[in-house]
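Colleague: I should like to go through the strand pairing with you. Please show the sequence and the structure before we begin.

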Amino acid sequence: MSDTKRRTATIETAKGTIKFELEDELAPNTAANFVELAQSGFYNGLTFHRVETGFVVQGGDPRGDGTGDSGKRIKLEVSPNLKHGEEGAVAMARSQNPDSASCQFYITL
């Protein structure tokens, strides 16, 4: 990891503010996709449609039911330095198809 300053995403919710760093170096396509959607206003007004206490919250779905997408897909990016089992990890949600991530994301609890 270089000493490059990381970009931070901020999500304002009725229950408080969520902030997380984007892993531009380890997942450049995923980070760019998230930033593009956020800057375009795509996520404005959307809810966390899935809340599993002690496990995960999931949002970013324009339909609000887990079936929506942005009309664009990105390829899966994998790095041994990115772990999903830790509290606070953020990743793009996808179907069984590894290259199906679009706009939905989850945050591990």
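Colleague: In which order do the four strands form the open sheet?

Modeller: This is a predicted model. Its pairing is antiparallel, and the sheet formed by the four strands is open. Their order is S3-S4-S6-S5.

Colleague: Which strands stand at the edges?

Modeller: An edge strand here has a single partner strand, so one side of it is left without a neighbour in the sheet. On average, neighbouring strands of this sheet are turned by 20 degrees against each other, direction ignored. The strands at the edges are S3 (48-52) and S5.

Colleague: How many bridges join strand S4 to S6, and which residue in S6 stands opposite Val56?

Modeller: Strand S4 covers residues 56-59 and runs antiparallel to S6. The two are joined by four bridges. Opposite Val56 in S6 stands Thr108.

Colleague: What is the bridge partner of Met92 in S6?

Modeller: Strand S5 (residues 90-92) and S6 run antiparallel, with three bridges between them. Within this pairing, Ala91 stands opposite Tyr106. The bridge partner of Met92 is Phe105.

Colleague: Are the residues of strand S6 that point either way buried or exposed?

Modeller: Strand S6 spans residues 105-108, with Phe105 and Ile107 pointing one way. Tyr106 and Thr108 point the other way. Buried means under 20% relative accessible area. On both sides of S6, these residues are all buried.

Key. Residues numbered from 1 in each chain as written. Predicted model: local features only at pLDDT ≥ 70, side-chain atom pairs only at ≥ 80, totals over all residues. Heavy atoms only, no water. Buried < 20%, exposed > 50% of the residue type's maximum accessible area, 1.4 Å probe, protein only. Pairing = 2+ DSSP bridges. Axes fitted to C-alpha atoms, helices over the stretch in contact; angles between N-to-C directions.
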